[in-house]
Amino acid sequence: METLEILKALVLGIVEGLTEFAPISSTGHMIIFDDLWLNTEGFLGGPSANTFKIVIQLGSILAVVFIFWKRMLSLVGLYKLEQDTPMTFNILHVLMGIIPAGVFGLLFEDFIDEHLFSIETVLIGLVIGAFFMIIADKFGPKNPSINSLDEISYLKALTVGTVQCFSLWPGFSRSGSTISGGVLLGLDHRTAADFTFIMAVPIMLGASIVSLVKNWEAISFDHLSFYAVGFVTAFIFALISIKFFLKLISHIKLVPFAIYRLLLASVLAFIVFL
C-alpha cells in the first residue's frame, strides 16, 4: 500500500470520526470526499471500497463503547449504575430501536449498495434531512417530558427506531433522523443523542459484519493496512467529536446543523451540475 493511499485512508478516517455522530451524515461526507477527490474504488475495487466505508465505522463504534461503557455494561447486567432514580432503560429498549432499521436494511441492502451510493442521492438526503431537523426543532415540545434514558418507553424506542429507517438513504444521517424523531416525541436533545449513540453500536456492528461476509472475497490482504489506518483514525476522531457534540447539542440544538447541510448541498450541487 503506497503512502498516497494510506493518506487517503487517513483522510476518510478523519471524515468518518468527525461526522459519524453529528447529524450531518458521515456516509454522505465519505461518498463526497471519495467520489470527488480520493477515488478509493480505483485501487480497492467497488465492493471493497463500499465495504471500507461501512467497516471504518467500527472505529467510531469502539469510541461509543469507550465513552458509554458503564451504560453499555448495565444493559447486560454487568454493571450497576449509581443513580437516584430507578434504572429502567434496558436491552429491550435498544432492540426495539434497532429492529425496524435492521429489517429494512437487510431487505434493501443490495438496492442501497447498487443505487444509493452516489453524490446525487447524497444531495437529496442532505436537503430532506435538513428540513426534517428544522421541523423537529420548530414543532418539538418546548419543554421536553423525557430528560433521561430511563424515562423512554418501549413504544417511543420503537417509534424512534422506525424513524431511523430514513437514515438508510445516504446523506439523511442516522443521528439526524433519530435525534429529530426523538425530539418530536418529547425527548430532550441530549437524551435523544444518548439513545442514538447507544443504538448505533449494534446497528453499525451488524451492518459491518454483513458487508464483510458478503464482500469477503473482494477484500485483498493488501487492503488490510488501508482498513487499519481508517479504523484507528476514525476511533480517535470519533472520541473527540462525541464528547464535543454531547456538550454542544443541548445548547445549539439541530437548526445550525441543518443550515450546514443545506450550504453543503448547495456547494455540492454547484460543483457537480455546473
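Which residues have the most contacts inside the largest nonpolar core? In this predicted model, local features need pLDDT of at least 70 and side-chain atom pairs count only at pLDDT 80 or more, while totals for chains, interfaces and linings use all residues. Residues are numbered from 1 along each chain as its sequence is written, and side-chain values use heavy atoms, with hydrogens and water left out.

The largest nonpolar core (buried Ala, Val, Leu, Ile, Met, Phe, Trp, Tyr and Cys residues joined through side-chain atoms within 4.5 Å; buried means under 20% relative accessible area, exposed over 50% and partly exposed in between, with a 1.4 Å probe and protein chains only) holds 45 residues, and Phe195, Phe197, Ile198 and Phe245 have the most contacts inside it. Helix 11 (residues 189–214) contributes the most to this core, with 10 residues; helices are DSSP runs of H or I of at least four residues, numbered from the N terminus. Another core, of 14 residues, lies apart from it and includes Ala9, Leu12, Phe52 and Ala234.

Beyond its neighbours within four places in sequence, Phe245 is in contact (heavy atoms within 4.5 Å) with Phe21, Ala22, Pro23, Ile179, Ala193, Phe197 and Phe257. Ring pairs also link Phe245 into a cluster with Phe21, Phe68, Phe197 and Phe257.

Aromatic pairs (rings of Phe, Tyr and Trp, the last by its six-membered ring, with centres within 6.5 Å; planes under 30 degrees apart are stacked, over 60 edge-to-face and the rest tilted) number 15. Phe43 and Phe226 form an edge-to-face pair, 5.3 Å centre to centre with 75° between the planes. Phe43 belongs to helix 3 (residues 41–44) and Phe226 to helix 12 (residues 224–252), so that the pair links distant parts of the chain, 183 residues apart. Phe43 is partly exposed, at 23% relative accessible area, whereas Phe226 is buried, at 0%. Phe68 and Phe197 also pair edge-to-face, at 6.3 Å centre to centre and 75° between the planes. Phe68 lies in the loop between helix 5 (57–67) and helix 6 (69–75) and Phe197 in helix 11, so this pair ties together parts 129 residues apart in sequence. Both Phe68 and Phe197 are buried.

Notes
Helices (H or I, at least four residues) and strands (E, at least two) are DSSP runs, numbered from the N terminus.
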